[in-house]
Amino acid sequence: MLAAFAYLNWLSLALAALAYYLLGAAWFTPLFGTTWDRAIGHVRSRGSRFSLGYYLVPLISAALVSVALGVVIAAVAPDGLGEAILIGLVIGIAVAAVSVNNALTPHTPHPYLFGAVTGGYHLVGIVIASAIIGA
């Protein structure tokens with residue numbers, strides 16, 4: 001498995017991480033931002049901004065997930081883009097399931113909604129990242 005690091009295409013990993021990250025910017029703002037806010041009991045006031053951590057941590061996470069996907073894809077050596085997407089789908093479903101599980105806390109006002117929004121983001125993002133890496 002460690003030999004797979006020798007076959008990583010760092011440009012594709014960077015593009016995959018960037019795509020995953022930018023999907024998050026769209027997912028949690030114009031697409032499902034209001035739904036996500038309601039799920040966690042947050043009210044965005046006009047002009048308010050999140051701290052720097054809300055931007056850096058997802059970028060670092062997207063990069064780490066992309067490297068992990070790259071290692072798995074290199075180790076499996078899929079036959080074509082379709083199989084790389086299938087790998088992303090399998091891993092994305094697992095991560096989405098963890099997202100739903102993590103949402104089930106007594107402090108989350110709408111845990112299933114929160115799990116659906118975050119899990120959906122990770123599922124779609126990981127499939128997109130896998131497609132980029134597999135291409």
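These exercises work through the pocket, one helix and the nonpolar core of a predicted model.

**Exercise 1.** Describe the largest pocket: its volume, its lining and the elements that supply the lining.

*Solution.* Start with the volume: the largest pocket holds about 840 Å³ of space. Next, take the lining, which has 28 residues. G24, F28, W36, Y54 and P58 lie nearest the pocket centre. Now assign elements. α1 (10–31), α2 (33–40), α3 (53–76), α4 (81–103) and α5 (111–134) each give two or more residues to the lining. The largest share, 8 residues, comes from α3. Finally, sort by class: 18 lining residues are nonpolar, 8 polar and 2 charged.

**Exercise 2.** Check the span of α3 against its residue count, then find which of its residues are buried and what covers them.

*Solution.* α3 has 24 residues. At 1.5 Å a residue, α3 should therefore span 34 Å. Its end C-alpha atoms are 34 Å apart, so the two values agree. Turn to burial, with the cut-off at under 20% relative accessible area. A62, S66, L69, G70, V71 and I73 are buried. Their cover includes α1, α4 and α5. After α3 comes A77, with a positive phi near 55°.

**Exercise 3.** Identify the best-connected members of the largest nonpolar core, its sources and the contacts of I133.

*Solution.* The core has 24 residues. Among them, W27, F28, Y121 and I133 touch the most other members. α1, α2, α3, α4 and α5 each supply at least two core residues. α1 gives the most, with 7 residues. Now follow I133, leaving aside neighbours within four places in sequence. I133 is in contact with S12, L13, A16, S66, L69, G70 and I73.

Key: Residues numbered from 1 in each chain as written. Predicted model: local features only at pLDDT ≥ 70, side-chain atom pairs only at ≥ 80, totals over all residues. Heavy atoms only, no water. 1 Å grid on protein atoms, 1.4 Å probe; cavity = no way out; pocket = protein on both sides within 12 Å on 5 of 7 lines; lining within 4 Å. Points joined across faces, edges and corners; volume = space filled by probe spheres on them. Helix = DSSP H or I, 4+ residues; strand = E, 2+ residues; numbered from the N terminus. Nonpolar A, V, L, I, M, F, W, Y, C, P; charged D, E, K, R; others polar. Expected span 1.5 Å × (residues − 1). Buried < 20%, exposed > 50% of the residue type's maximum accessible area, 1.4 Å probe, protein only. Contact = heavy atoms within 4.5 Å. Core = buried A, V, L, I, M, F, W, Y, C linked by side-chain atoms within 4.5 Å.
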